Amino acid sequence: MTAIDPDFAAFIDGLPKVELHLHIEGTLEPETIFALAERNGVELPYPDVETLRAAYAFHDLQSFLDIYYAGASVLLTADDFHDMAAAYLARAEADNVVRAEIFFDPQTHTARGVPIATVIEGLTRALDAARARGLSCDLILCFLRHLSEEDAFATLEAALPYRDAFIGIGLDSSEVGHPPEKFVRVFAEARRLGFRLVAHAGEEGPSAYIVDALDRLAAERIDHGVRSLEDPDLVARLVRDRIPLTVCPFSNVRLRVCDTLSEHPLKRMLDAGLAVTINSDDPAYFGGYVGDNWRDTVAALGMDRDDVVRIARNGIDAAFVDAATRLRLHDRLDAHVAGSAGEPLVRDR
Ligand code: ADE
Ligand code: ZN
């Protein structure tokens, strides 16, 4: 990997960042998994932290998901959900994250008998504390796409008493064989209820899943979307409509979507005019948090200051925030750019 200039590295580290693709269950570090297992008397299929960490040698999405769902089995009480989210939020603030939109997977927990109220109460308590410190953050409830649409409908219904606790609906888990069309009606219902809509698409699945997520689910952002490059008409549409793609470089390497970071398509996507953003997906499993993704990806792809600012701006434009918050986030980015060495970048408003 090309070493980057220390001033440029400091510029990236200090950048006000938006994180739009982060699964809260993917922030459980192995040490936390063992601590919670002990606290809750849960038996894990791994003898110790080292053995668990050694199992993080994934060959595809499913090999990761199997371990990720096993890790989440230690979460039982509202305090567990609180502690997990509080740890992530503190880590995000250390990376200068100014806006976080956080996925959670209720079905992973309700299937084990944990009430959705417990999940939402614990997460909300952590988010409220972070908001009080000045971080803008919200939750997005994801349906597990390997389960049925009926199960998704039941989950939406169970979550509705807490509808003020989350702003949007997403779609995650095993992609291939579980196309967007499986969830058309439940997404339509979520849209009718006023939720923002996102969907994982084009991670392992074909670019046609991205088209379907847009056309059939009315997804406003695509999570991953790296396979969009396989379809020039789709790229033209994504560019024209400024559809944000929440790209997760470390994840794509660890799940073998691409071989190495230096072969990652992020820079090609940016150069094609796509509204790409940088995110960590499941940082405890993929070798780093969002700041690590930024630093190493910029270095590996030889991106420059203009690229970095463009990606940061894409994140702010893609966030589900009101106009005043968006302006404030752009102002923070402008101040960072103006306060660092180099030519200030002019932006149209
Ligand atoms: N759940 C957690 N991480 C995921 C990913 N990268 N793709 C699909 N589902 C997920
Ligand atoms: Zn994801």
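**Zinc site, cysteines and sheet in a predicted model**

Student: In this predicted model, what is the geometry of the zinc ion (ligand 2) site?

Tutor: The zinc ion (ligand 2) has four donor atoms, with angles of 84 to 175 degrees among them. Four donors count as tetrahedral if all angles lie between 85 and 135 degrees. The range of 84 to 175 degrees does not fit, and the site is irregular.

Student: Which residues coordinate the zinc ion (ligand 2), and at what distances?

Tutor: Three histidines donate through NE2: His-21, His-23 and His-200. Asp-281 donates through OD. The distances are 2.0 to 2.2 Å.

Student: What spacing do the donors of the zinc ion (ligand 2) follow along the chain?

Tutor: The donors follow H-x1-H-x176-H-x80-D. The pair His-23 and His-200 links distant parts of the chain, strand β1 (residues 17-23) and strand β5 (residues 196-201). The separation of His-23 and His-200 is 177 residues.

Student: Is His-23 buried or exposed?

Tutor: Buried means under 20% relative accessible area. His-23 has 4%, so it is buried. His-200, at 5%, is likewise buried.

Student: How many disulfides does the structure hold?

Tutor: A disulfide needs cysteine sulfur atoms within 2.5 Å. The sulfur of Cys-137 is 16 Å from its closest cysteine sulfur, in Cys-142, too far for a bond. For Cys-258 the closest is in Cys-248, at 12 Å, also too far. The structure's disulfide count is zero.

Student: Are Cys-137 and Cys-258 buried or exposed?

Tutor: Cys-137 has a relative accessible area of 2% and is buried. Cys-258 is at 10% relative accessibility. Cys-258 also counts as buried.

Student: Which strands stand at the edges of the sheet?

Tutor: Eight strands form an open sheet with parallel pairing, in the order β1-β2-β3-β4-β5-β6-β7-β8. An edge strand here has a single partner, so one of its sides is left without a neighbour in the sheet. The edge strands are β1 and β8 (275-278).

Student: Which residue in β5 is the bridge partner of Ile-169?

Tutor: Strand β4 (residues 168-172) runs parallel to β5, joined by two bridges. The partner of Ile-169 in β5 is Leu-197.

Student: Which helix lies across β5 and β6 (221-224)?

Tutor: Helix α5 (residues 78-94) lies elsewhere, across β1, β2 (97-104) and β3 (136-144), at about 150 degrees to β2. The helix across β5 and β6 runs at about 170 degrees to β5. That helix spans residues 207-215 and is α10.

Terms used:
Residues numbered from 1 in each chain as written. Chains lettered and ligands numbered in written order. Predicted model: local features only at pLDDT ≥ 70, side-chain atom pairs only at ≥ 80, totals over all residues. Heavy atoms only, no water. Donors = N, O, S within 2.8 Å, 3.2 Å for Na, K, Ca; no water. Tetrahedral: all angles 85-135°; square planar, octahedral: opposite > 155°, others 65-115°. Helix = DSSP H or I, 4+ residues; strand = E, 2+ residues; numbered from the N terminus. Buried < 20%, exposed > 50% of the residue type's maximum accessible area, 1.4 Å probe, protein only. Pairing = 2+ DSSP bridges. Contact = heavy atoms within 4.5 Å. Axes fitted to C-alpha atoms, helices over the stretch in contact; angles between N-to-C directions.
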